[in-house]
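Me: Could you take a close look at one part of this structure for me, the place where the ligand sits? Once that is done, carry on to the charged pairs and whatever else helps to fill in the picture.

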Amino acid sequence: MGKRTLRTQLCDMLGIEYPILSAGMGPSLVGEKTGAPVELVVAVSEAGGLGVLGASAYTVDEMLDAIREIKKQTDKPFGVDLLLPGQIVSAGDASGDGPDEMPLIDLLKTFPKTHYDWVMKTKEEMELPDIDLMIGLKATTLRPHAAVKVCIDEKVPLFCSGLGNPGFMIPDAHAAGIKVLGIAGNTKNVRRIAQSGADLVVAQGHEGGGHTGRVGSLALWPQAIDAASPTPVLAAGGIGDGRGLAAALAIGCTGVWVGTRFLASNEGGALDIQKDAILKATDEDTRRTYLYTGKTSRATYNQFHDLWEAADLEPLPFPIQVMLASVMVEMFTKADKKEFVGPFAGQVVGLIKEIKPAAEILEDMVEEAADILSRKLPERVTVG
Ligand SMILES: Cc1cc2nc3c(=O)[nH]c(=O)nc-3n(C[C@H](O)[C@H](O)[C@H](O)COP(=O)(O)O)c2cc1C
């Protein structure tokens, strides 16, 4: 069979063939290879979707290098995803002086004594190894204004804000010809992002991987469409194949933003130990927890969750908790304690049986959705 056509207004807006975006995925821990690296972006954009770089843990310079590398490898549109936490955006960027990075274990010493003591006690009791993980003090999440400026100077085709409201940068982005997308997990935030002038809003349901809210996808998507109107909405949270894509289009979404399924691809930047965890997981094997970032996020269940709950500690504010969790995950990984390590991932993990090239994932999704919409649905549903 030849290539299928499956288009929405999103395809015209972004200059792409299929209404599928791979989500901007940062890493599960500081220092790790990012979940949505250059390779994934290029593969998805070349296959006719739009790949989004997960740049939240890059330094500003690393992000610039990655953007230039993407441009070298493809002339197709792509996106860059940053986290824009409100309190950091309003505080402005810290001065550029000082070191670029420092050992994370040293930074941990500045944390509340209760938390530091717990890490050290756990390390000793479990005989975990020393680590030399470095923390980038010039990461884009800590320098949102500098990072946004680079995205604007580089005229990235699509700017995506994974946390917070991109409203402050939209006029400059639009002046540079850049489209802006924001992500939300409830109608209040969907409305806020749409009213701030974003071109697109992603509505991510409770079942999605990474930061996630309390409202399930099927309930959220139609309410988000109403709240954002006339701004188009992309569906996220639980989409792993063409059935999810067809459902989202049937509800009225203009396209889909897919994380976990693309993380579990050849080009997805998760560690092998994390990809294994996704392949083994069933639909019930993820948990929503404050453990990783201080905000609610979803990851595959592992014994680190039990350890954290038993500690009965207050989560530290974002992004400080990210650093605490990163120290622990790095020690578990180095000690090969697989049962304590799992990636951010959504409930769709139960559907994922194979690590495949991203282009194949996208093509299968298009083929299945096109078949449902053009043949299977009319065959199965009689409409008077
Ligand atoms: C490993 C991983 C890392 C993520 N990191 C980010 C991030 O840095 N920025 C962001 O906007 N969303 C992030 N997310 C959320 C995704 O953008 C997306 O909304 C979510 O994966 C959609 O649900 P799904 O996993 O069911 O497809 C992450 C998701 C995963 C699985």
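Reply: Here is a walk through the ligand site, followed by the salt bridges and a few spots on the surface.

Keep in mind that this is a predicted model. Let's start with the ligand's neighbours. The ligand is surrounded by 21 residues, and the closest of them are D81, Q204, G238, G259 and T260. Sort that shell by character and you get twelve polar residues, eight nonpolar ones and one charged one.

Now for the polar contacts, three of which involve an oxygen atom of the ligand. T260, already named among the closest residues, puts a polar side-chain atom 2.5 Å from a ligand oxygen. At G26 the backbone does the job: one of its polar atoms is 2.9 Å from an oxygen atom of the ligand. S56 comes in through its side chain, with an N or O atom 3.3 Å from a ligand oxygen. As for how much of the ligand is covered, it would expose 600 Å² taken alone, and the protein buries 95% of that. Which elements give two or more residues to the shell? They are strand 3 (78–83), strand 11 (255–258) and helix 12 (260–263).

On to the charged pairs. Side chains of opposite charge can pair when their charged atoms come close. The structure has 18 salt bridges, and a few are worth a visit.

Take K3 and E17, whose closest N and O atoms are 3.3 Å apart. This bridge ties together distant parts of the chain: K3 is in the segment before helix 1 (9–14), while E17 is in the loop between helix 1 and strand 1 (20–22), with their positions 14 residues apart in sequence. Is K3 buried or exposed? It counts as exposed because its relative accessibility is 63%, above the 50% cut-off. E17 has a relative accessible area of 32%, so it is partly exposed.

The next bridge joins K109 and D106, at 3.4 Å from N to O. D106 has 31% relative accessibility and therefore counts as partly exposed.

Then there's helix 16 (358–380), where the side chains of D371 and R375 meet at 2.9 Å, N to O. Why are these two about one helical turn apart? Because they are four residues apart in helix 16. Their surroundings differ in cover: D371 counts as buried at 16% relative accessibility, whereas R375 is partly exposed at 38%. The pair also belongs to a network, in which salt bridges with shared partners join D371, R375, K376 and E379.

Staying in this part of the chain, L373, L377, V381 and V383 make a nonpolar surface patch of about 330 Å². One of its members, V381, is found in the segment after helix 16. V381 has 40% relative accessibility, so it counts as partly exposed.

One last stop is D93, in the loop between helix 4 (86–91) and strand 4 (101–103). With 28% relative accessibility, D93 counts as partly exposed. How far is D93 from T110 in sequence and in space? The two are 17 residues apart along the chain, and their C-alpha atoms are 21 Å apart.

Conventions
Residues numbered from 1 in each chain as written. Predicted model: local features only at pLDDT ≥ 70, side-chain atom pairs only at ≥ 80, totals over all residues. Heavy atoms only, no water. Near = heavy atom within 4 Å. Polar contact = N/O pair within 3.5 Å; in protein donor to acceptor, adjacent residues only side chain to side chain. Areas by Shrake-Rupley, 256 points an atom, 1.4 Å probe, with all protein chains shown as cover. Nonpolar A, V, L, I, M, F, W, Y, C, P; charged D, E, K, R; others polar. Patch = residues over 30% accessible without salt bridge, like charges linked within 9 Å, V, L, I, M, F, W, Y side chains within 5 Å. Salt bridge = Lys/Arg side-chain N within 4 Å of Asp/Glu carboxyl O. Buried < 20%, exposed > 50% of the residue type's maximum accessible area, 1.4 Å probe, protein only.
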